[in-house]
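Hi,

Here is the structure I said I would pass on. Have a look at it first, and then read my notes underneath.

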Amino acid sequence: MTCMSGGGRGSSDGGRGFGAAARATVRRRPVPEMGAAARRNPVRTACGVGHAMVDGMHCPYCHHAETKVIETRVSEDGYSIRRRRMCLHCNKRFTTLETTTLLVEKRSGSLEPFNRDKVISGVRKACQGRPVKEDDLRKLGQRVEEDLRSTGQAQVTSDEVGKAILKPLKELDQVAYLRFASVYQNFENLSDFQQAIDALKEE
């Protein structure tokens with residue numbers, strides 16, 4: 001989780017916006033049990049009613065364990081949540097960004113975070129000279145990510161990413177599909193291309 005501090009008393013945004021003056025790493029520590037006052041006075045956020053105490057969240061300024069959420073925003077793709085918080089000790093405000101993690105295991109065995117832009121970049125090369133719009137590529141990248149996340153797995157292989165690209169790319173442009181498949185499936189000769197073309201004709 002990323003913590004973006006800023007907006008305390010006397011800060012430039014007055015504690016109202018989501019502007020971040022600095023970044024700090026959130027350290028997780030045991031949080032004291034919620035007091036009776038916090039239970040009696042829940043904080044209303046954009047997502048509903050939540051308690052003033054936030055589990056595991058410490059103020060990046062004074063490291064106090066009691067903070068409250070004063071505003072919550074969900075990203076358009078639904079994969080991250082931005083929360084505006086206020087420390088109950090020093091009253092300074094800061095923003096946290098919560099994101100889901102999807103890791104890709106490369107053929108070398110190393111892991112890297114899934115990158116939608118990397119998917120789009122690879123498909124864009126296959127679409128050179130084809131009547132494919134940039135918006136089409138963005139939609140394809142989003143669909144690939146949604147399909148992978150819908151499996152419920154926190155880690156996928158690069159092979160699974162390639163397979164997730166093939167279906168929507170085939171629907172988008174068959175020539176681009178053949179180009180991408182020739183690299184992904186390691187076509188070695190013309191017969192490999194012919195088999196792929198015949199498979200397209202049969203569909």
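Below is what I found, going through a hairpin, a sheet and a pair of helices.

Keep in mind that this is a predicted model.

Start with the hairpin. Strands β5 (residues 67-74) and β6 (residues 80-87) run antiparallel and are joined by seven bridges. If you want one pair to look at, R73 has R82 in β6 as its bridge partner. Five residues lie between the two strands, and G78 in this hairpin has a positive phi near 80°.

Next, the sheet. It is an open one with three strands in the order β9-β8-β10, and the pairing is mixed. Since β9 (111-113) and β10 (155-157) are at the edges and each has a single partner strand, one side of each has no neighbour in the sheet. From one strand to the next, the twist averages 35°. Three bridges link β8 (residues 103-105) with β9 in the antiparallel sense, and there E105 sits opposite L111 in β9. Helix α4 (residues 158-172) packs on this sheet and touches β8 and β10, with its direction at about 75° to that of β10.

Last, the helix pair. α5 (residues 174-184) packs with α6 (residues 190-202) at an angle of about 140°, and their axes are 11 Å apart. That angle is why α5 counts as oblique to α6. The crossing of α5 past α6 is right-handed. On the α5 side the contact has Q174, Y177, L178 and S182, which meet F193, A196, I197 and L200 in α6. By class, that makes six nonpolar residues, two polar and no charged ones.

Cheers

Terms used
Residues are numbered from 1 along each chain as its sequence is written. This is a predicted model: local features need pLDDT of at least 70, side-chain atom pairs count only at pLDDT 80 or more; totals for chains, interfaces and linings use all residues. Side-chain values use heavy atoms; hydrogens and water are left out. Two strands pair if DSSP finds at least two bridges between them. Helices (H or I, at least four residues) and strands (E, at least two) are DSSP runs, numbered from the N terminus. Axes are lines fitted to C-alpha atoms, for helices over the stretch in contact, and angles run from 0 to 180 degrees between N-to-C directions. Contact means heavy atoms within 4.5 Å. Angles under 35 degrees count as roughly parallel, over 145 as roughly antiparallel, 65 to 115 as roughly perpendicular and the rest as oblique. A crossing is left-handed if the near helix is turned anticlockwise from the far one by less than a right angle, and right-handed if clockwise. Ala, Val, Leu, Ile, Met, Phe, Trp, Tyr, Cys and Pro count as nonpolar, Asp, Glu, Lys and Arg as charged, and the others, Gly among them, as polar.
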